[in-house]
Amino acid sequence: MSSICKLTGAEFDAMAQSGSFDVLGPKKIELIHGELRIMNPAGPVHEDIIDYLNRWSMNCASAEVATIRVQSGFVCEDHRPEPDVLWLRPRRYLRRRPTPADVLLLIEVADSSLAGDLTEKADIYAKSGVCEYWIVDIPNERLHCLRDSDGSTYRNISLFTAPQQPSPACLPAARLDLADLFADDEGTDNTSRGLL
């Protein structure tokens, strides 16, 4: 008979601190429902959209508004996800990892992970109290915006497509141009797109 060993968040943190995952190399590892999940390497579209969202975030949110992190983990109850982009309450996180109470906006960029991001991750984030969760839906070129967790599920779910320009509740002036986000303009200088 075989058995599955599940980890707690504290055990995962101790293993990470001691370098237990170093043998795996530069792979992205999350702890979800006690299971170690090795994430698929990002493709060029996924990487480009993360770069775009990082530039957009840094241009919109000053250091007084939010601390921006890209592909960085946080403590989400007993889970240790690593979202693609996090807007956190403005402060240093030198001695502790952020928690859902620190999250102003969480963004996942979804391609092959879309089904899990819409269900499993949405469930985890809603139950932990993440106030706003965006899923950039690459296959369908749209944005899912989930807000107002009641501790079980998100009560406000909106779907945005180009030419709409959604903005996070924490900073309504920060409008994300979806037409530009999904534009296929290889070779275009980003300075002409107002991103730099």
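**Burial, polar contacts and aromatic pairs**

User: Why does Glu 132 count as buried?

Analyst: In this predicted model, Glu 132 has a relative accessibility of 2%. The limit for a buried residue is under 20%, so the value of 2% places Glu 132 in the buried class. The residue belongs to strand S6.

User: What makes the pairing of the side chains of Glu 132 and Arg 147 a polar contact?

Analyst: The two side chains are joined at 2.7 Å, and the cut-off for such a pair of N or O atoms is within 3.5 Å. The criterion is therefore met in distance. Glu 132 also makes a side-chain polar contact with Trp 134, at 2.8 Å. Beyond four places in sequence, its contacts include Leu 104, Leu 106, Cys 145 and Cys 170.

User: How do you know that Asp 84 is buried?

Analyst: Its relative accessible area is 2%; since buried means under 20%, the conclusion follows for Asp 84. Asp 84 is in the loop between strand S3 (67–70) and S4. Among the residues that it touches, leaving out those up to four places away in sequence, are Lys 28, His 46, Arg 69 and Glu 108.

User: Why is the pair of Tyr 125 and Tyr 133 called edge-to-face?

Analyst: The ring centres are 4.8 Å apart, which satisfies the limit of within 6.5 Å for a pair. The planes stand at 80°, and an angle over 60 degrees counts as edge-to-face. Tyr 125 and Tyr 133 are each buried, at 0% relative accessibility for Tyr 125 and 0% for Tyr 133.

User: What makes the aromatic pair of Phe 74 and Tyr 125 tilted?

Analyst: The planes are 35° apart, an angle that is neither under 30 degrees, as for stacked rings, nor over 60, as for edge-to-face rings. The centres are 6.1 Å apart. Phe 74 lies in the loop between S3 and S4 and Tyr 125 in helix H3 (residues 114–128), 51 residues apart. Phe 74, Tyr 125, Tyr 133 and Tyr 154 make up one aromatic cluster.

User: How do you know that Arg 91 lies over the face of Tyr 93?

Analyst: The distance from Arg 91 to the ring centre of Tyr 93 is 4.8 Å, and the limit for CZ of Arg is within 6 Å. The distance part of the criterion is thus fulfilled.

User: Which residues of the largest nonpolar core touch the most other members?

Analyst: Among the 26 residues of this core, they are Leu 53, Trp 56, Trp 87, Val 136 and Leu 181. Helix H2 supplies the largest share, five residues.

Technical notes: Residues are numbered from 1 along each chain as its sequence is written. This is a predicted model: local features need pLDDT of at least 70, side-chain atom pairs count only at pLDDT 80 or more; totals for chains, interfaces and linings use all residues. Side-chain values use heavy atoms; hydrogens and water are left out. A nonpolar core is a set of buried Ala, Val, Leu, Ile, Met, Phe, Trp, Tyr and Cys residues joined through side-chain atoms within 4.5 Å. Buried means under 20% relative accessible area, exposed over 50%, partly exposed in between (1.4 Å probe, protein chains only). Helices (H or I, at least four residues) and strands (E, at least two) are DSSP runs, numbered from the N terminus. Contact means heavy atoms within 4.5 Å. A polar contact is a pair of N or O atoms within 3.5 Å; within protein, one must be able to donate a hydrogen and the other to accept it, and residues adjacent in sequence count only if both atoms are side-chain atoms. Rings of Phe, Tyr and Trp (its six-membered ring) pair if their centres lie within 6.5 Å; planes under 30 degrees apart count as stacked, over 60 as edge-to-face and the rest as tilted. A charge sits over a ring if NZ of Lys or CZ of Arg is within 6 Å of the ring centre and within 35 degrees of the ring normal.
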